[in-house]
Amino acid sequence: MSLMNAEQYEESLRELNLVVYMFGRRLENIVDDPIIRPSMAAVAKTYEMAHRPEHEDIMTATSHITGKKINRFTHIHQSVNDLVKKSKMGRLLGRETGCCFQRCVGVDTLNALSIVTYDIDQEKGTGYYQRFLRYLEYVQENDLTCDGAMTDPKGDRSLPPHKQADPDHYLHVVEKREDGIVVKGAKAHQTGAVNSHEIIVMPTIAMREGDRDYAVSFALPSDADGIIYIMGRQSCDTRKLEAGLLDRGNIVFGGHEALVVFDNVFVPWQRVFMCGEYEFAGKLVAQFAAYHRQSYACKVGVGDVLIGAAQTAAEYNNVAGASHIKDKVIEMNHLNETLYCGCIACASEGHKEPSGTYAVNTLLANVHKQNVTRFPYEMARLAQDIAGGLMVTMPSESDLKAPETGKWIEKYFRAKNDVSAVNRMRILRLIENITLGTAAVGYLTESMHGAGSPQAQRIMISRLVNMLEKQKAAQKLCGIEEK
Ligand code: SF4
Ligand code: FE
């Protein structure tokens, strides 16, 4: 089965035996939990869309290992065109779900490993690449969702991994055995963790010799013994426990993050892709980060939804023709399409690595992600400006339904006469959801910190720009002789 559908994906999750805690208790049924289910539905969309003929070109690809048709989320990029399609896929799914659909971390990890395992082998004579390809074939054949796990808790930020007071603040190897390794530590902020079949761990920073035990990469089934998930909260998350749907804003989809603890977990050798090659930790981090910064094409799709919501809210108030409203919507579109330029550009300027995998242009991917740390905030501000204060002061759906209060809400929250109060409330709740509620995790804070915080991109930009070339160009034009 190299292409699962949404129903098969959901059923496959039911077969997992994950250890998940939320609100102080262990969950027995994760798939149907009302807080988690919308995030599962968002990942399921990546399966459903792959079966739609109109999206086949974007959502599927041909495996370079088996020649079979596979979901693009398990594909290793074989051309610049593949990279461009990945950016387009992110926008498409962001627009369909209006939230984080979580599956990108996995494909970005697989692609980064396909480059770096090959490079390690070339220098060290190891056999990681073939091992990785066997694992990749398993992922592709079963159309699995992989959680790419990079971010360690990091403890004291001024100290390297091996100097931390608590040695587990970075995930590390605690035992090497004939049949595999035992690891201990944790990964924080793990997007889509409990909706994943597999979890693929990578180091989180560049490392030196003393950190050898921390330079480790491997894959495990998400329900392997010793893995514990502790769900993160999202603003307004308990609205999903309420009877009605209206106050959720997005009535179908959502995202989630979790802290993933590895409590002395065994990993067989055939699933280990780096073990002690500390010189390559930085390269794996940078390669994953570049791919994942490209993946923030997703925010363009969520931005499409936010623009559509803001325009609708303006029309419901009958102010869409006002010049300042038009200008604000133009500005939102300008910002959103500028983001699109960045994720298309870093893909279009991609190149082939020695392993044959195509990588994005790292400088442009970092510039794109730097824009993502800013533009969605400005777009959220403009959407809230257009929406008006009612977005955060209106009563609940229960009040709308109650006979004593509903009639007043219907009467006083109707704006343009042919638009019902309930539809006005729906669109305002959607704007609230994206800019202040559960989806704001993905649209705002994740835009800031996901795939690396703003400073991480600024460091990469300073490293990657060709300053000498710029100086030479300037000096030549004004007659400064080269030394
Ligand atoms: Fe994918 Fe975007 Fe979610 Fe990251 S934030 S996992 S890129 S949808
Ligand atoms: Fe992310």
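Here are four exercises on the predicted model above, each with a worked solution.

Ground rules first: residues count from 1 along each chain as its sequence is written, chains are lettered from A and ligands numbered from 1 in the order in which they are written. Since the model is predicted, local features need pLDDT of at least 70, side-chain atom pairs count only at pLDDT 80 or more, and totals for chains, interfaces and linings use all residues, while side-chain values use heavy atoms, with hydrogens and water left out.

**Exercise 1. Work out how compact the protein chain is.**

Step 1: take stock of the secondary structure. There are 18 helices and 14 strands; these are DSSP runs numbered from the N terminus (helices: H or I, at least four residues; strands: E, at least two).

Step 2: compare radii. The radius of gyration is 24 Å and the globule rule gives 23 Å for 483 residues, so the chain is as compact as a globular protein of that length. The radius is taken over C-alpha atoms, and the rule is 2.2 Å times the number of residues to the power 0.38.

Step 3: look at burial and contacts. Of the 483 residues, 56% are buried (under 20% relative accessible area; exposed is over 50%, partly exposed in between; 1.4 Å probe, protein chains only). Among contacts (heavy atoms within 4.5 Å) with a separation of 6 or more, 77% join residues 24 or more positions apart.

**Exercise 2. Trace the open sheet of 6 strands from edge to edge.**

Step 1: write down the order, 2-1-10-11-7-6, with mixed pairing. Pairing takes at least two bridges found by DSSP between two strands. Strand 2 (25-26) and strand 6 (172-176) are the edges, each pairing on one side only.

Step 2: walk through some of the pairs. Strand 1 (residues 20-22) runs parallel to strand 10, with 2 bridges, and valine 20 has tyrosine 229 as its bridge partner. Strand 10 and strand 11 are antiparallel, with 5 bridges; here methionine 231 partners alanine 258. Strand 7 (residues 180-191) and strand 11 (residues 257-268) are also antiparallel, over 9 bridges, and glycine 185 sits opposite phenylalanine 262.

Step 3: check the faces of strand 10. Side chains in a regular strand alternate between the two faces of the sheet. In strand 10 (residues 227-231), Ile227, Tyr229 and Met231 point to one face and are buried, whereas Ile228 and Ile230 point to the other and are not.

**Exercise 3. Find which residues coordinate the iron ion (ligand 2), and place them in the chain.**

Step 1: list the donors, meaning N, O and S atoms within 2.8 Å of the metal (3.2 Å for Na, K and Ca); water is not among the atoms, so sites may look incomplete. You get Tyr296 (OH) and Glu446 (OE), at 2.5 Å.

Step 2: locate them. Tyrosine 296 lies in the loop between helix 7 (281-295) and helix 8 (298-316), and glutamate 446 in helix 16 (residues 438-449), 150 residues apart. Tyrosine 296 and glutamate 446 are buried.

**Exercise 4. Test the length of helix 16 and see what packs around it.**

Step 1: at 1.5 Å a residue, its 12 residues should span 16 Å, and the end C-alpha atoms are indeed 16 Å apart. The expected span uses one less than the number of residues.

Step 2: find the cover. Buried residues of helix 16 include Tyr443, Leu444 and Glu446, and their cover includes strand 7, strand 11 and helix 8.

Step 3: follow a contact into helix 8, home of leucine 306. Leucine 306 is buried, at 0% relative accessible area, and touches Tyr443 and Ile434, among others. Leucine 306 and isoleucine 434 are 128 residues apart in sequence, but 7.3 Å apart in space, C-alpha to C-alpha.

Notes: Lists of a residue's contacts leave out its neighbours within four places in sequence.
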